[in-house]
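Grab a pencil and open the viewer. Here are some exercises on reading a protein model, each with a worked solution.

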Amino acid sequence: MKKLYRYILSSFIGTFIFTFFIAVFILLMQFLWTYLDDLVGKGLGFDVLGKLIFYTSITFVPMAMPLAILLSSLMCFGNLGEYYELVAMKASGISVWKIMRPLFIFAIVMSMTAFVFSNNVLPVATLKSKTLLRDVRKQKMSFDIPEGMFYKGIDGYTIRAGKKGADGTTLYDVLIYDHTEYKGNIKVTSADSATMALAPSQKEIVFTLYHGSNYNEVIDDKEYRTKRPFEKMAFDKQYVSFDISDFDLNQSDGDVFKGHQSMLNISQLLVAIDSLENSDVERHISYKNSFRNRFQHLSSKDVINKNTKNKKVDADTITVFKWPFLENFSAKEQQSIVNMATTAVKNQIDNIELNINDFKRQDTNIRKHQQVLHEKFSLSIACLLFFLIGAPLGAIIRKGGLGLPIVISVVFFVIYYIITITCQRIAIAGDMPIFLGVWTSSLIILPIGIFLTMKATTDSALLDGESWKKTFRKIFRKNNN
């Protein structure tokens with residue numbers, strides 16, 4: 001049995017490693033395709049791109065591991081069934097469950113590894129990747145003046161080059177508009193040609209302009225709108241420098257994201273959830289007390305005391321706040337009281353709506369923290385559940401390779417992912433408990449895995465085309481009779 005288990009494990013682990021990296025690669029390509037416009041044309045070095053790809057790939061591990069276990073177990077048992085190795089094992093008196101036992105233990109180990117990874121490594125990697133991605137997206141496009149177009153990449157300046165030289169640093173028919181004073185196109189520099197060079201500090205780019213003129217409109221004169229005075233100065237050679245420090249990637253320390261729920265481990269999530277819930281309860285109590293105080297302050301007795309001006313009014317009429325009490329006031333005072341009451345009511349309605357929306361945001365934030373907490377367990381359990389589907393399904397279909405197993409794995413995983421995302425969004429919206437929102441997909445997959453395992457252990461021809469044909473023939477015969 002030890003040799004048999006060693007053989008099964010060696011066949012499975014190699015396939016698992018291969019499918020795992022394939023899954024990470026596919027998810028990474030989807031990420032790069034999504035943010036392609038934010039990465040291209042910014043002159044990012046291989047070190048920055050390497051870090052971004054590395055940290056982002058780590059964040060895909062919890063999602064890629066269940067898919068890899070599903071695909072590798074399906075391929076492993078499919079190969080064993082296709083080459084009749086599974087039949088030979090059964091003929092030797094070894095049940096399918098015993099054959100699955102070493103891989104089942106391996107799946108448990110992978111589930112525990114996925115849990116430890118999600119709790120300790122994933123928050124750090126997510127923080128690094130999100131911070132670096134934000135810095136990359138905020139970075140300006142690399143300094144590259146297009147030919148025959150106005151370039152506005154440098155703050156305060158607009159540059160146009162009629163033609164670029166073959167060396168990429170020589171420009172012809174150059175126009176430079178200076179907008180640093182925010183007064184329009186009052187300063188313009190034109191030159192027949194120019195060369196670009198990076199300053200020794202690497203923070204500035206120096207233009208050496210040849211045979212041109214500086215135009216400057218004089219707007220200090222009171223009659224400049226009619227006279228349009230301007231100054232013109234010709235030059236044979238002139239230096240103009242531009243600050244390009246904004247084109248460098250400024251990497252932040254990530255403090256902005258540290259409090260986000262996806263950056264926290266289990267202990268930090270529990271503390272955050274407890275703090276948010278206590279804060280929510282305190283805010284509800286505080287708002288109830290403040291609302292009660294406002295209502296008392298805006299009661300009829302206060303309003304009337306403010307507007308009576310020593311007039312005698314029936315106290316009973318004031319207390320019940322009925323309309324006839326206004327008969328004791330003049331028309332102007334009545335209008336003032338009604339306007340005051342209307343304004344007070346509108347302010348209270350706005351205040352109530354504002355607090356309701358704030359309470360909803362707070363509840364949504366709590367549910368998001370609870371979702372991340374449950375996900376750390378559900379993703380690790382998914383590794384075990386996908387094995388219970390992949391291994392018996394491979395034994396049933398008896399087809400290895402990358403064809404049918406990939407199709408079946410993708411179908412199962414897409415269904416699982418769609419159910420997970422849909423239920424989680426419903427739960428975060430408050431229409432479903434967070435527990436059900438996160439665990440619904442696992443609760444659906446669990447009976448399917450148990451059913452397929454039972455069918456595999458009983459040598460059921462569940463996916464055998466000939467058996468289905470025989471079944472349909474029997475049904476049609478009965479209908480014909």
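Below are four exercises, each followed by its solution.

Before you start: this is a predicted model, so local features need pLDDT of at least 70, side-chain atom pairs count only at pLDDT 80 or more, and totals for chains, interfaces and linings use all residues. Residues are numbered from 1 along each chain as its sequence is written, and side-chain values use heavy atoms, with hydrogens and water left out.

**Exercise 1. Get an overview of the protein.**

Step 1: Start with the secondary structure. The protein has 14 helices and 6 strands. Helices (H or I, at least four residues) and strands (E, at least two) are DSSP runs, numbered from the N terminus.

Step 2: Look at burial. Of the 481 residues, 40% are buried. Buried means under 20% relative accessible area, exposed means over 50%, and partly exposed is in between (1.4 Å probe, protein chains only).

Step 3: Check the surface. The accessible surface comes to about 28400 Å², and 60% of that belongs to carbon and sulfur atoms. Areas like this come from the Shrake-Rupley method with a 1.4 Å probe; for residues, only the protein chains shown count as cover.

**Exercise 2. Track down the salt bridges and say where their partners sit.**

Step 1: Count them. You should end up with 3 salt bridges, each being a side-chain nitrogen of Lys or Arg within 4 Å of a carboxyl oxygen of Asp or Glu.

Step 2: Take Asp173 and Arg160, whose closest N and O atoms are 3.2 Å apart. This pair links distant parts of the chain, with Asp173 in strand E3 (residues 170-178) and Arg160 in strand E2 (residues 157-164), 13 residues apart. Asp173 is partly exposed at 43%, while Arg160 is buried at 16%.

Step 3: Move on to Asp358 and Arg283, which meet at 2.3 Å, N to O. Asp358 lies in helix H11 (residues 331-397) and Arg283 in helix H8 (residues 266-297), so the pair ties together parts 75 residues apart in sequence. Asp358 is partly exposed at 26%, and Arg283 is partly exposed at 28%.

Step 4: Asp358 also forms a salt bridge with Arg361 (3.5 Å, N to O). Both of these residues lie in helix H11, 3 residues apart, or about one turn of the helix. Shared partners join Arg283, Asp358 and Arg361 into one network.

**Exercise 3. Describe the surroundings of Asn265.**

Step 1: Place the residue. Asn265 is in the loop between strand E6 (230-243) and H8.

Step 2: Zoom in on its side chain. A polar atom there lies 2.9 Å from the backbone nitrogen of Gln268.

Step 3: List the contacts (heavy atoms within 4.5 Å). Leaving aside neighbours within four places in sequence, Asn265 touches Asn119, Pro123 and Lys376.

**Exercise 4. Classify the ring pairs of Phe386.**

Step 1: Know the rules. Rings of Phe, Tyr and Trp (its six-membered ring) pair if their centres lie within 6.5 Å; planes under 30 degrees apart count as stacked, over 60 as edge-to-face and the rest as tilted.

Step 2: The structure holds 17 aromatic pairs. Phe386 and Phe413 make a tilted one, 6.1 Å centre to centre with 40 degrees between the planes. Phe386 sits in helix H11 and Phe413 in helix H12 (residues 404-428), 27 residues apart.

Step 3: Phe386 is buried at 0%, and Phe413 is buried at 11%. The rings of Phe386 and Tyr416 have centres 5.1 Å apart and planes at 75 degrees, so this pair is edge-to-face.

How values were computed:
Polar contact = N/O pair within 3.5 Å; in protein donor to acceptor, adjacent residues only side chain to side chain.
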